[in-house]
Amino acid sequence: MNYFTDKELSCACCDENKFSDETLGKLNKFREFCQFSFAVTSGYRCEAYNTLKGYTQTHATGQAVDIALTHKQAYIVISNAKKFGFTGLGVKQKGLGRFIHLDDL
């Protein structure tokens, strides 16, 4: 089952989508495990968009997502992401724009 749309996983500036099928498989299995939905706030980002915004290049590989979660959900994701093959984890849970970053680079 695929829980995520092409739009969610595509670049915000150009709609290009080079999101990794392998990473998407991990993300779907992880979503199934969590038993709650989460919105992808950033999936694939083209290099031009990353450069323009000053972001790191992890998303340009197609192997990274930022997801929006509530407090309890964030704890569950942080505690279990590694079990599903996510080796990169970033947390911004203070103020506006809260998210969890996951990647399998």
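Biologist: What makes the meeting of the Asp66 and Arg45 side chains a salt bridge?

Modeller: The term requires a side-chain nitrogen of Lys or Arg within 4 Å of a carboxyl oxygen of Asp or Glu, and the side chains of Asp66 and Arg45 meet at 3.1 Å, N to O, so the pair qualifies. Asp66 is in strand S2 and Arg45 is in the loop between S1 and helix H3 (47-53), so named from DSSP runs numbered from the N terminus (helices H or I, at least four residues; strands E, at least two). The two residues are 21 apart, and the pair links distant parts of the chain. This is a predicted model, in which local features need pLDDT of at least 70 and side-chain atom pairs count only at pLDDT 80 or more, while totals for chains, interfaces and linings use all residues. Residues are numbered from 1 along each chain as its sequence is written, and side-chain values use heavy atoms, with hydrogens and water left out.

Biologist: Which residues do salt bridges with shared partners join into one network?

Modeller: Glu22, Lys26 and Asp104 are joined in this way. Glu22 meets Lys26 at 3.8 Å, N to O, and Asp104 meets Lys26 with the closest N and O atoms 3.0 Å apart. Glu22 and Lys26 are separated by about one helical turn, because they are 4 residues apart in helix H2. Asp104, by contrast, belongs to the segment after S4 and is 78 residues from Lys26. In total, the structure holds 5 salt bridges.

Biologist: Why does Glu22 count as exposed, and why does Asp104 count as buried?

Modeller: Buried means under 20% relative accessible area, exposed means over 50%, and partly exposed lies in between (1.4 Å probe, protein chains only). Glu22 has 57% relative accessibility and therefore counts as exposed, whereas Asp104, at 10%, counts as buried. Tyr75, which lies in helix H4 (residues 71-80), counts as exposed because its relative accessibility is 60%.

Biologist: What makes S2 and its neighbours paired strands?

Modeller: Two strands pair if DSSP finds at least two bridges between them. S1 (residues 39-42) and S2 have 3 bridges in the antiparallel sense, and S2 and S4 (residues 99-103), which run antiparallel, have 4, so both cases satisfy the rule. Ile67 is the partner in S2 of Val40, and the bridge partner of Ile67 in S4 is Ile100. S3 and S4 also run antiparallel, joined by 5 bridges. His101 in S4 stands opposite Asp66 and opposite Gly90.

Biologist: Why is S4 described as largely enclosed?

Modeller: S4 is largely enclosed by the rest of the structure because 4 of its 5 residues are buried. Strand S2 (residues 64-68) is mostly covered, with 4 of its 5 residues buried.

Biologist: How do you know what the buried residues of H2 pack against?

Modeller: The test is contact, meaning heavy atoms within 4.5 Å, and the buried residues of H2 pack against helix H1 (6-9), S2, H4 and S4. Among the buried residues of H2 are Leu24, Lys26, Leu27 and Phe30.

Biologist: What makes the span of H2 close to the expected value?

Modeller: The expected span is 1.5 Å times one less than the number of residues. Helix H2 (residues 21-34) has 14 residues and reaches 20 Å from its first C-alpha to its last, close to the 20 Å expected.
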